[in-house]
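Reader: Before I rely on any description of this model, I would like to hear how each term is justified. Could you take me through the reasoning behind the labels?

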Amino acid sequence: MASLPPLIQKPDAGRRPGPARLAHGRLHLLLTLDSLVVVLVSVNRKADGTLALLADNQFLRLVEAGNMFLGLCAVLLYYLVSAHLVDDSPRRRRGASFALGGLFTAGVYVYALGLGDHEITNYLHGRFCSDSLPAICRVVAFNDDVFSDAFFVTRFTLLNTTVMLTQSLFPTDRAPRPWDNVLITVNALFIGAGITADPAFEKAGFDPFVVGATAVLALTLLSFSPRQPVLRYYGIAYTTGILATALVKGV
């Protein structure tokens, strides 16, 4: 965003119209790629073949390396969605772009810290540390389960807040058409399923509270800008995710 020049520089040429039945074709492509990343993350974590060890020194498993690569894909999609929203809006807000760029950069930095810490210590924790934890394993376990999770929660909040605020501050002037709403809903449900899989079936920690707060923010922003497609997307995805989590846990 502001620290990333392409996000704040809009081309002078007029916007190109989307497909005949869609008002937001490029956005749907990006959201579909995001759904694909969610599916690949689930496959990578659950498939037995990804437990294979890498290199002769067995420094990592394929699952952790795959998560690192998919994390990069996720960050790129956050950027591309945000850049598209700025490009697609008739509004020009240079100051807002710089502020959002700082927020985005902070989120990416925290994401990289957390992902690197978690994937390395998750491998060491699972492979070398038993239930009777020596001192070094207690440190590894803390990094795996607590410290890196704090980074995850922070990056989750920063990056998703950045995208939603970008849509609010750089609204599109084209209301979603019926097929836009269908595709928004389908992709949002993929994200909702991915959200549910984490806090509902694993050690949740603060994750449900963060998801719930994200849903509240999305619905609040949507109430002020009901025609904005990304706010609809977030509203459906995170409301579905938190309600499904509550249902699974019997809350």
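Author: The model is a predicted one, and a good place to begin is the pair H5 and H7, which are roughly parallel to each other.

Reader: Why are H5 and H7 called roughly parallel?

Author: The axes of helix H5 (residues 135-169) and helix H7 (residues 207-224) cross at roughly 5° and come within 11 Å; angles under 35 degrees count as roughly parallel, and therefore the label applies.

Reader: Which residues make the contact, and what is their character?

Author: On the H5 side the contact includes Asp149, Phe156 and Met164, while H7 contributes, among others, Asp207, Thr214 and Leu221. Taken together, the residues of this contact divide into nine nonpolar, four polar and two charged.

Reader: What makes the pair Arg26 and Asp87 a salt bridge?

Author: The closest N and O atoms of Arg26 and Asp87 are 3.6 Å apart, and the cut-off asks for a side-chain nitrogen of Lys or Arg within 4 Å of a carboxyl oxygen of Asp or Glu, so the pair qualifies. Arg26 lies in helix H2 and Asp87 in helix H3 (residues 62-88), 61 residues apart, so that the pair links distant parts of the chain. A search of the whole structure finds three salt bridges.

Reader: Which residues form the nonpolar patch on the surface, and which element gives the most to it?

Author: The patch is formed by Val39, Val43, Trp179, Val182, Val186 and Phe190, with about 500 Å² of accessible area together. H6 gives the most, with four residues, whereas Val43 is found in helix H2.

Key:
Residues are numbered from 1 along each chain as its sequence is written. This is a predicted model: local features need pLDDT of at least 70, side-chain atom pairs count only at pLDDT 80 or more; totals for chains, interfaces and linings use all residues. Side-chain values use heavy atoms; hydrogens and water are left out. Axes are lines fitted to C-alpha atoms, for helices over the stretch in contact, and angles run from 0 to 180 degrees between N-to-C directions. Helices (H or I, at least four residues) and strands (E, at least two) are DSSP runs, numbered from the N terminus. Angles under 35 degrees count as roughly parallel, over 145 as roughly antiparallel, 65 to 115 as roughly perpendicular and the rest as oblique. Contact means heavy atoms within 4.5 Å. Ala, Val, Leu, Ile, Met, Phe, Trp, Tyr, Cys and Pro count as nonpolar, Asp, Glu, Lys and Arg as charged, and the others, Gly among them, as polar. Patches are made of residues with over 30% relative accessible area and no salt bridge: like charges are joined within 9 Å, nonpolar side chains (Val, Leu, Ile, Met, Phe, Trp, Tyr) within 5 Å. Accessible areas come from the Shrake-Rupley method with a 1.4 Å probe; for residues, only the protein chains shown count as cover.
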